[in-house]
Structure formats: C-alpha cells, structure tokens
Amino acid sequence: MEKYIDWVNEHITNPSLYISSIQDIREGHALLAIMKQITHTNVKTDTPLQTALQLAEKHFGKLEGLNIQKIEKGDEKQIIALIGFLMKKEKSTMRKLSDTIYKSEIMNQSFRRRAFTVKKDGKKVEVVRNEPIVSAFVENNESVQPKITARPIRHNVKPLNLKPIIQEETNEEKQKEPEINGSQELIFPEPSQITKTEIPPTPTKEVTPELITSERKERREKKRQQIEKEKEKLRKMEESRKERTMKKEELKRMKEQMIIEHSNSPQKDVDTSLLTSPEPEIEKEEAIEEVFRGVFMLEGNYYIVNEEGDGGELVEYVCEHYNEMVTSCARSLIVSYQYNEEIKRQQEKMKALDARVTQEHINSIVAIQTKIRCRNARHLPEIRGMKERKNLVKELIESEHKYVDNLKILKEYYLEKILEEREDKTIRNCFKNLEMIVKYNVILLKDLDDMSKNCVYGEGVSSVFKKFTGFLKCYTVYVNSYDTTNDYFVTLNSKNKRFMDLLKKLSLQKEVKNLNIFSYLILPIQRVPRYELFIRGVLKVLPRTHKEYKGLQDLMNEIKKIGDYLNERRRESENKQLLMKFKHHLEIKKFDLMDDDKRRLVKYGAIQSKEYGPLIIFLLSDVLLVHRAKQEVKDVDALLEKNKLKIKDIIPLFGIGIYSEGDNTFSVVSKKMIFTFIAENEEEKGDWMMAFDDILSREHNSAMSRLNTIRQSETVKSNKVDDIFYQGYLKMSLKMFEKYVGGIVSFNTNVDLTKKRLDGSPNIDKKNSPMQTPRKVAATQVLLSPRLNSSFRSPRSVRINNDHEEEKDRYCVIDGEELIVYNSVKDSLKKANWHMKVILSGVSVEAVVAINNPAAFQINISGKTTFVTAPSSEDKWKWLTVFRDAFYRSAKDKLIELKILQPKQDIVFCYPPPPLFIAERGQFSNYLDMVLSIPTNSVCADCGDHKIVCADTTYGVFLCRDCSNCHKNQLKSDIIFIKNLYIKNSFYEIRIFKERGNLLMNELADMKSPDIVSKQNKADLLNSLSLRQEFLPLKYKDLPKYQLI
C-alpha cells in the first residue's frame, strides 16, 4: 500500500495535494493533477475525479473493470487497480521513449559524416564539420576529437554547432606537403582512417580473465601508438611549413634590399622588373561555412550537397525566406541597440538619484520593499499553508465548543428529564455512555484552548490529540448501542402517546434550539471521522519538513484505526441485527444463523439460475443459503417483510469452485451441487464473483499467515499430494520470487539464464554497430522528455534486465504440492529443465481488479505480492481453485495441528465436470474434472472439436468421436469413453493424462514433424474426415506410445 502512496506523491508537484492514505484518491484532486501532467491539459472542474477518469479514457482508451461509484466510496481494490494501471503505463511510455531516442541517436550519428569531399565547378572541395561522429571509443572511455577554430560569424544568426572550414587545393599542392594556415589549429584524422597493421592469427588459448585483460591492454597500447605516430607526422609537417615560410620571407626581404640598393645607384634606364622574379600566384582559400544542417555558404551564396559522402556536388540553394531572415536579423540588431541605449540612460538616471538620496529616502524604500515582499510571500505555499492551518485550528476549537455544548444539552435537557419521568434501562445505559464521552471531551476542549493561546497555527496539536486518542475507544459502547437506542426511541414515540408528548414538550425548550432528540443522539457517531478529516487537512498544508508532520501522520493513522475499529464494531452490531431479522424471516431446518459469532452477511439478492430458475441467495462468510423462488423477484427486502422464505439449499463455502462461464454467467461448484448463475450485466457478475473470492481468499491468507509465523521458528513439512495436476501458460515476472530462494522458492542452477540486454533498447549487433557500449549508455542516460516540468522523468541510469525481471509467458505446472515453472513446453519434455519451483504451502492467491486485464490475479508470499496473468478470464478462476486446493492439501497436517482444519474434515475443492452424461462417479472423478478443465484438454487434440467423447490411453489425449475412430482403426490405439473412464477406481490407470495430455503431445508432434503439423489447418480437419485419415498417421508415427510400468 505504501508504494502506491509514495508513487502518487512523487508525481504531484503541488505539496498541498499530497495524500497520506489510499482513500485520499477518491477526492480526485491528486489523480487530476497526475492526469494533467500526462495529457498536458489544464482543466478546471468541480468534479475532479470524474474529469480525471475522462482524461484517462481519452488518453489510454476504455478502462474496463473500473467502477467510478466504488472509487468514490473508497474501494481499495479499485483505487489500487487504477494506480497500478498508471504505473504500468508510465513504464511502457518511458520504454518507448528510450527506444525512439536510442534509434534516432544511431541514425543521426551513422549518416552524418564529419569529413567528405564534394564537387564545385569541376573542382574537388573538402568539407570538414565541427561535430565529429562518435564512431569509435578508446577503451579508457576517451574519444579522439579534433579541435577546429572557425572564423566568427558576422551576422546575428547562430548556426547549429557546425562551423566547418573548407580548403580548396590544387593538384600540385596536394602532391606536396599541405600548407596549414597559422590561424587554424591542427585537424587530426578520423580514427577509422588510421591505417591498422595486420596482426597474424594467434593460436587458440584457454579464455581466462587475465588473458582478456592483457589483450585489451595490447589493443589500447596499439591504438595509442598509432595516434602518437599521426601526431608526430603532423608536427613534422607543421615544422616544414614554418621553415618554408621563413625562407620565403627571407628571400622577399633580400629582393627588396636589392631593389633599394639599385635605386640608389647612378645607373639609369634599367628595368627593375628584371631583378624581381615573378612569384607564383597563390590561390586564395574559399571560406565555406555551414549555416544550417546541410546548408553551406560560399561567396555569399547558399549551397547544398545533392548526395552525402564522397563524390557529391554542391548545388546552389534558393532561400525562399531570405528577405524574412534579413528583416529578422536587422530587427534583432535594432532591438539590441535600443536595449543597450536604454540601460545606459537608466544607469545615468540612477547615478543622479544616488547623488541626491538621503537616509530618509533609504528608509522609505526599505519599507516599500518590505511591504511588497510580504504581499508576494502571502502567495507562497508555506505562508498560504499557515493561514489555512490557522483557519483549521480555529474551526476545530469552535466546533468542539459547539459539540460539547450539544452533548450537555442532550444530557441535561433530554435524558435527565426523561429519566425523571420514567426509569428505563435502555435510556439509563445511554445516559451513562454519554456522561463518559462528555467528561473526556471537556478535557480535550480545555487542552485545545490552552494550545491556541500559545500559538494560533496549531503548534502542539499532535501532543494534545495523542493524550486523547486513548479515550476514543469509549465511543465503542455508545456506537454499538446507538441503533438499539434509536429504534427504542422511535418505537416509544410512535406507540406511547405520553412519551410522544414528553418529547414534544422537551423540544420546545429554549436551550435545545428547536432540535429533536434524534438530532443530538447521532452527534457522537459523526464526531470521530471529523477528527480524522481535521488532521488530514492540516497534513495537506503542512510542509513535510515541519517538526510536527511525522507526529500528525502517526496520529492520523492511529485515529483512522480507531475509526475503522468503531466502524467495524458498528458493522458487526448491524450484521447481528440483520441476521436476527433474517432468522425471523427465513425458514431453515437444522441450521442456526446465530450459532457462530464470527459469521457475517456479505451479500444477498435475486439472481437467475440455469438449473433452478429465479433464486434468492444469501452469501454469508461460511455458507451460501439458496431460496428457490417461483417467479422473478425485483425487491428482495419488500418480499422479506411480507413473507417467510424457505431456504432449500445450504452450501458450505469451504472447497467450492467459482468459474466464469462466459458473458454474465458464472458457476459455483460444490461437492453436492452445481449452480450456474446468470447476472443482469458484466458488472453484477464481477461483484458476485469477487464477493465469493473475498471470502475464500480471507481464509486462505489467514491460514498462510499462521503457517508463516510458525515457519520462522520451525520447518513446516509439506504433505505429498498425488491427485492434483494443472498446466498452462501464465504471464509472470520472477523477480519477486528471488527474495525467498532457499525456503519456499528454488531456482534451477543448471539452466543458463544470464543473457542480459539493455532495457528498452533494440537488439543491435555490437560488432557492426557504429556505437559501442559507452555510447549506448550515454544515449540512454540523455533521454530528453518534451515535458520539462513533468514528474514522469526519464531514468537516470541504465538498468540491465535478466530473464527473471522480464514479464513473459511461462509454462507452469501444478503437480501435487509444487508449482513448477518452465520457459516453454519443449523444456518440460525433459523434467530436469525446470526453471523455478515453488512450495504451494507458503503461497496464497487472490483475485484482483485490474484495468483492461480481467485475467490477472495476485500471488502472495510472506506479505509480498506479484501479479500474474492467465490466458483468459475463465482460466484465471480455475488457477485460483487449483492453487487453494494444493495449499490446503499440502499443509493439511499442520493446519489440523493449528486447529484451522478439523481432523475429519474432507478437503475437496470441486471442479466443473465436462458436459457429458456420467452414469457413475468414482473415487478419482474430481481429479478427472480438474484434468478436463484444462483448456487444451477440453477440445479434441487433433481437430479442435469441443465435443470430446473419448480418450486415447495409448498416447494420452482426449478426442472427439470421429478422431477416436481414426485412432482405433489406423493407429490401433486403445480407446475408452470418458464416461467409462470416470468409473476407474485406480489412479495408476489414469495417470497417463497427468504425464501427457493434449498440449504436451501436440507440442511433441510439432517438434518431431514440424512440416506436417504446422502446415495443417484444424478447420480443414474438422470439416473433412478423409483429410483426418491421411493426416493422423503422419502426426503420430514418430510419437512414443505410453506403457504402464
């Protein structure tokens, strides 16, 4: 329960909406805040719960299995189902987001090359981007990244991180050593372009951790040496370039000196041009800048590359919005200029004011700023919370004064004067109970008044209520007797005229404020829940760091427990009164409704039955009472007031099976009878089935908790059970079971399940992928959600999942006292390939409300729960019955020792028999019912026909009539009718259906002859007898026959 509360509080940004119990969700404000963040909508409404559920249905689709009326009433199962659904959707959303961003990172980095050459006017131009692809990582997590200094951009347009420099070189310059401009830094080549020396293959060695570490160090050293060589080569190139530059400058200086000397000489008419040798024309660099992703600027024009990679060509790009871009740039420059000028004027103005300011002016400014800050601080959550706390404390004290005054009015002006007129035992008991309540509430009121004098914000309210909580249980006696007292006053008021006149006279007194006695009698019933509401309201506006927060939270939980206790005692009192009422209106032979103090009424109502027509059923905590009505009943209460109903059937609930049959239909199977009930709608069907399961799960959980208490001090041995078997697929995660390894749960160490992969990431070959493991980690860590302020944040670290954490379909077998889990049916062919085993004497199960997942149920181990999904809703209820059957049978001896079961109590959990006429049921009929209730065994193993009639004891499969004839004539198998199989009195003769069955044999046939079995359509086999005669010999030719040992 706490994990759901913590999850809700983590996803709420407003502290005033924090919840302290799961019941707070019914108010709707916290749920609406979460749905606003998910859907990015801002909705204002007076019905937050309905609006939140509407947003959820709009975002996630129809929420099947959710009942808004039950959520408003505070049904914990419905609220937990809703929060669990949102938690699951959050995980799937983040997984999809991780996949999308990871793939986009791969595509972005793979296709965006850092350096390539293009053509312009027949010349090759090299393009170098400033953003390198992270295509190779050095083993020590360092990447070789070039450092490029690009010339600045003169416009006020910021490019996207890409500032490439392109140099156009002639063929002659390419053959020579390249010249590097001094204003640029060295550009190192790609690691992928570094020539790698071929290493001769080494002989295979035994792989050890030391060998792997040494090989890794060698590769790292070789890469480092290659990079050092490239750096040394570039350094030499730089030195040679500087040397050539110096020689050119020296030659130029000498020539200038010669020209000056010649001009000073007396010689005339000498052509000075002869003295200067013509210098070769040096081609100027063409500066190319990438102003946008894939768009380059050259000589004032825009170009794009028509094909990425070497060999592409620069094509002129016509910018359609060039004028708008220039206008935007100019506007931004003007705004920037005006802003700077305004700042200068303001600074000059402030300097002039500073020169004239005095101390009086400073004090005035400080006073104004203080008022402004105080006004703004009122809107802060902490300050606003103080105001609300003050109002809550004031309201509590005022209501407590009014409450105590009203109790005194009831005591002095009603009960005392009634007792003066007539002495009555019921009224005297009510007076004593009220006198005790008044005494303790006067003490509470005095303490609250003293507290408010010291602090109006409720400092110390937790200590005041802590003293008072011990006396709140004194309300129990009053609460239990309230209904009796109230009914007693109503009876006297209606039948005794003198008493009626007395009450009327007392109500006319000035002090009673025109209120009758019934308005005062109910006040103590309503008071305790209001204390809980007050503390809950204080907690909502109190910061979690406050010193009294924890004390108030503990106090609220304690008052809630007392409130629940009072409500439970009142429900027990009401239940006893209701049972007493039914005892007078129901005719039951050899059964007393009041003989068990723990018996309670769970649900009653009218319902239809396939076998017996209209019924009225009364579901108690241990039995089901059935009245067979002659016609359909609409109002059961009205019928009870008029008539005395005769109870025909009394069915003990221990050992019954509840099964879903289809739309609005479910069945209750007991040892003696079968009832198939037809509800009016799917919601009514779910309510009845959950009511039955609630009774069975309470008993199951209670017995398991007693066993777990004993298991801590001693070893609980399981009884060996042979006649329990069920099989099928369950979707489950094994992560929770790992905590109980060694006791209840055991894993097979021989099965290798250590394969790990990145959670939510696609399966990409690491060798061929341009991104190595560190890059994957970085890509997953940098998950950028579009909801910057959303509480649905991306995970901070990469979580590695193994097979236990993955929720997937697993083949499960309940065999006797154990649950055996396999990865597939094929693994179960070898019994040693099991994955996990669970001792069922330490496990309890319970049906749950799961949104859009009616096939889910819950497994409990030592207070921890995990959710499991069956293939269908019908199969879910069968699994629940088998789990409980295995629990009680495997722990029978210990349960009898603990007096939970009686020594002679027959443990028989019943399963739905097949729809066949069975003349006689033998000792193991219930076991055959269980085996035939497996979905794969309830249809023909060969053609899929639902009318199974026979069983093949040679291969261990169930068949229809036509397929059984083919087995008998062509395969020479031993065929027996299922109705005759029920008469067998030896488990040894029918155990073949436990060891084999339709699912296992079909899977084995698919393994032996995949080309024959997988290509054959069962619909064609069902419609064609000749096709069956051709197919069946091919299917069973390689399958082993069963032999009795």
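Start by selecting glutamate 2, which is found in helix α1 (residues 2-10); helices here are DSSP runs of H or I with at least four residues, strands are runs of E with at least two, and both are numbered from the N terminus. At 64% relative accessibility, glutamate 2 counts as exposed, where exposed means over 50% relative accessible area, buried under 20% and partly exposed in between, using a 1.4 Å probe and protein chains only. Add serine 20 to the selection: glutamate 2 and serine 20 are 18 residues apart in sequence and 9.2 Å apart from C-alpha to C-alpha.

Before moving on, please note that this is a predicted model, in which local features need pLDDT of at least 70, side-chain atom pairs count only at pLDDT 80 or more, and totals for chains, interfaces and linings use all residues. Residues are numbered from 1 along each chain as its sequence is written, and side-chain values use heavy atoms, with hydrogens and water left out.

**The whole chain**

Zoom out for a moment. The secondary structure comes to 32 helices and 28 strands. Of the 1045 residues in the chain, 41% are buried. The accessible surface is about 61700 Å², with 51% of it belonging to carbon and sulfur atoms; these areas come from the Shrake-Rupley method with a 1.4 Å probe, and for residues only the protein chains shown count as cover. Contact means heavy atoms within 4.5 Å, and among the contacts with a separation of 6 or more, 64% are between residues 24 or more positions apart.

**The seven-stranded sheet**

Next, colour the strands β12-β10-β9-β8-β15-β14-β13, which in that order make an open sheet of seven strands with antiparallel pairing. Two strands pair if DSSP finds at least two bridges between them. At the edges you will find β12 (649-652) and β13 (657-662), each pairing on one side only. From one strand to the next, the twist averages 30 degrees.

Look along the β13 edge: five bridges join β13 to the antiparallel strand β14 (residues 665-669). Here isoleucine 658 stands opposite valine 668 in β14. Now show α19, which packs on the sheet and touches β8 (601-609), β9 (613-620), β10 (623-628), β13 and β14. The direction of α19 makes about 135 degrees with that of β8; axes are lines fitted to C-alpha atoms, for helices over the stretch in contact, and angles run from 0 to 180 degrees between N-to-C directions.

Within helix α19 (residues 682-711), pick lysine 685. Is lysine 685 buried or exposed? Lysine 685 is buried, with a relative accessible area of 4%. Leaving aside neighbours within four places in sequence, lysine 685 is in contact with Ser660, Gly662, Asn664, Thr665, Phe666 and Ala679.

**Charges over rings**

Select arginine 628 and tyrosine 612: the charged end of arginine 628 sits over the tyrosine 612 ring, 4.1 Å from its centre. A charge sits over a ring if NZ of Lys or CZ of Arg is within 6 Å of the ring centre and within 35 degrees of the ring normal. For another case, go to lysine 837, which lies over the face of tryptophan 834 at 4.7 Å from the ring centre.

**Strands β20, β21 and β22**

Stay in this part of the sequence and show strand β21 (residues 818-822), where four of the five residues are buried. Strand β20 (residues 808-815) pairs with β21 in the antiparallel sense over five bridges. One bridge partner to display is valine 821 in β21, opposite cysteine 812. The hairpin of β20 and β21 has two residues between the strands, and glycine 816 takes a positive phi near 70 degrees. β21 also pairs with strand β22 (residues 836-839), antiparallel and over four bridges; glutamate 818 stands opposite isoleucine 839 in β22.

**The last stop**

Finally, display the three-stranded open sheet in the order β27-β26-β28, with antiparallel pairing. β27 and β28 (975-977) stand at the edges with a single partner strand each, so one side of each is left without a neighbour in the sheet.

Then turn to the aromatic pairs, of which the structure holds 23. Rings of Phe, Tyr and Trp (its six-membered ring) pair if their centres lie within 6.5 Å; planes under 30 degrees apart count as stacked, over 60 as edge-to-face and the rest as tilted. Tyrosine 955 and tyrosine 1036 form a tilted pair, 4.9 Å centre to centre with 55 degrees between the planes. Tyrosine 955 lies in the loop between β26 (950-952) and β27 (957-959) and tyrosine 1036 in helix α32 (residues 1025-1036), so the pair ties together parts 81 residues apart in sequence. Both tyrosine 955 and tyrosine 1036 are buried.
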